[in-house]
Amino acid sequence: MRVLIASVDVFTVARIKLTLGKEKIMHDTTDLGEDGLHLAKLYEYDIVLYDVTRSEIDGHKMLQRLRDAQVDAPILILSGFGELDQRIKFLRFGADDVLTKPFDGGELLARIQAIVRRSNGHSQSMIRTRLVVNLDSRAVSVDDQPVNLTNREYAILELLSLRKGTTVTRESFLNQLYGGVDEPELKSMDVLICKLRKKLARATGGSHYIEAVWGRGYVLRDPAPRSGNMAQNASRDDAAARHGVGAN
């Protein structure tokens with residue numbers, strides 16, 4: 001998960017960063033001026049946290065600018081305006097939820113997780129293939145047995161799970177894992193995914209559910225009956241990933 005924090009209040013930013021940091025959630029910060037608007041358009045954020053610190057009218061205008069700029073990420077408003085009619089206006093102007101300040105860090109995290117799940121079509125925190133990915137606890141299991149993953153391996157699987165059935169490009173993975181800072185070569189993603197596949201295959205007795213989509217990226221799919229040909233195809237996928245030719 002990758003979060004954009006838009007605020008000019010250094011104390012609010014510090015508090016949010018502490019909350020996200022404890023959960024190892026990647027985040028960027030901006031004041032959401034022109035540079036912030038460009039940042040929101042440039043990267044595939046899972047959610048934007050917009051701290052309305054000036055006025056209700058300014059908040060509505062910026063929301064409108066974000067939506068007019070085709071920023072499709074869900075937006076959670078953090079607002080000191082607690083009146084019901086003002087919260088309703090934020091929702092009507094394109095916000096996905098409003099959290100009134102002061103707020104509890106645990107509630108903020110729960111709201112973020114719920115909004116991101118819903119925006120990706122998941123009503124519950126558990127995403128299941130045969131694998132079970134718990135988005136709240138950041139845990140992965142197979143048949144109730146935990147699967148130990150590195151932080152980056154989990155981040156890859158989380159992104160694939162949130163977008164299950166949809167192809168995720170290697171560029172998207174790099175944005176989520178590195179955020180434009182010290183990004184490795186694209187082919188390194190194939191190596192990371194190959195390692196993740198091996199761990200999942202060991203846990204499931206041979207299946208990893210991550211398919212390479214030639215020339216595009218990777219997709220997580222629900223289990224399908226395995227035949228001899230399917231097993232051979234899975235082996236070829238792994239070989240392609242090891243040599244960096246699984247996706248462009």
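Visitor: Which residues of α6 meet α8, and which residues of α8 do they meet?

Guide: On the α6 side they are Glu 153, Ile 156 and Leu 157, and in α8 they meet Met 189, Leu 192, Ile 193, Lys 195, Leu 196, Lys 199 and Leu 200. Please keep in mind that this is a predicted model.

Visitor: At what angle do α6 and α8 pack?

Guide: Helix α8 covers residues 187-204, and α6 packs with it at an angle of about 85°, their axes 10 Å apart. Angles from 65 to 115 degrees count as roughly perpendicular, so α6 is roughly perpendicular to α8.

Visitor: What else does α6 pack on?

Guide: There is a sheet to introduce before α6 comes back. Its three strands follow the order β10-β12-β11, with antiparallel pairing, and the sheet is open. At the edges are β10 (168-169) and β11 (210-213), each of which pairs on one side only. Two bridges join β10 to β12 (residues 217-220), and these strands run antiparallel. Opposite Thr 169 stands Gly 217 in β12. Helix α6 (residues 151-162) packs on this sheet, where α6 touches β10, β11 and β12, and the direction of α6 makes about 70° with that of β12.

Visitor: How do you know that β10 pairs with β12?

Guide: Pairing calls for at least two bridges between the strands. Two bridges join β10 to β12, so the requirement is met.

Visitor: What makes α1 and α5 roughly perpendicular?

Guide: Helix α1 (residues 10-22) packs with helix α5 (residues 105-119) at an angle of about 65°, and the axes are 10 Å apart. The roughly perpendicular class takes in 65 to 115 degrees, so α1 counts as roughly perpendicular to α5. From α1 the contact uses Arg 15, Ile 16, Thr 19 and Leu 20, and from α5 it uses Gly 105, Leu 108, Leu 109 and Ile 112. The crossing of α1 past α5 is right-handed.

Visitor: Where is Pro 102 found, and what is the peptide bond from Lys 101 to Pro 102?

Guide: Pro 102 is in the loop between β5 (97-100) and α5. The bond from Lys 101 to Pro 102 is cis, with omega near 0°. Lys 101 also appears among the residues that Ser 79 touches, including Phe 90, Val 98, Leu 99 and Thr 100.

Visitor: Is Ser 79 buried or exposed, and how do you know?

Guide: Ser 79 belongs to strand β4 (residues 75-79). Buried means under 20% relative accessible area. The value for Ser 79 is 0%, so Ser 79 is buried.

Visitor: Which residues of β7 point one way, and which the other way?

Guide: Leu 131 and Val 133 point one way from β7 (residues 131-134), whereas Val 132 and Asn 134 point the other way, and all are buried.

Visitor: Which strands does β7 join through bridges?

Guide: One is β6 (residues 126-128), joined to β7 by three bridges in an antiparallel arrangement. Met 126 has Asn 134 as its bridge partner in β7, and the hairpin of β6 and β7 has two residues between the strands. Another is β8 (residues 139-142), which four bridges join to β7, again running antiparallel. In β8, Ser 141 is the bridge partner of Val 132.

Visitor: Why does Arg 138 count as partly exposed?

Guide: Arg 138 has its place in the loop between β7 and β8, a hairpin with four residues between the strands. Partly exposed lies between the 20% and 50% limits. The relative accessibility of Arg 138 is 22%, so Arg 138 falls in that class. Arg 138 also has a positive phi of about 55°, although it is not a glycine.

Visitor: Why is Tyr 209 called buried?

Guide: Tyr 209 sits in the loop between α8 and β11. The limit for buried is under 20%, and Tyr 209 has a relative accessible area of 12%, so Tyr 209 is buried. Tyr 209 is not a glycine, yet it has a positive phi of about 70°.

Visitor: How many helices and strands does the protein have, and how many of its residues count as buried?

Guide: There are nine helices and twelve strands. Of the 248 residues, 48% count as buried. The exposed area is about 12,300 Å², with carbon and sulfur atoms supplying 49% of it. Among contacts with a separation of 6 or more, 60% come from residues 24 or more positions apart.

Methods:
Residues are numbered from 1 along each chain as its sequence is written. This is a predicted model: local features need pLDDT of at least 70, side-chain atom pairs count only at pLDDT 80 or more; totals for chains, interfaces and linings use all residues. Side-chain values use heavy atoms; hydrogens and water are left out. Buried means under 20% relative accessible area, exposed over 50%, partly exposed in between (1.4 Å probe, protein chains only). Contact means heavy atoms within 4.5 Å. Accessible areas come from the Shrake-Rupley method with a 1.4 Å probe; for residues, only the protein chains shown count as cover. Axes are lines fitted to C-alpha atoms, for helices over the stretch in contact, and angles run from 0 to 180 degrees between N-to-C directions. Angles under 35 degrees count as roughly parallel, over 145 as roughly antiparallel, 65 to 115 as roughly perpendicular and the rest as oblique. A crossing is left-handed if the near helix is turned anticlockwise from the far one by less than a right angle, and right-handed if clockwise. Lists of a residue's contacts leave out its neighbours within four places in sequence.
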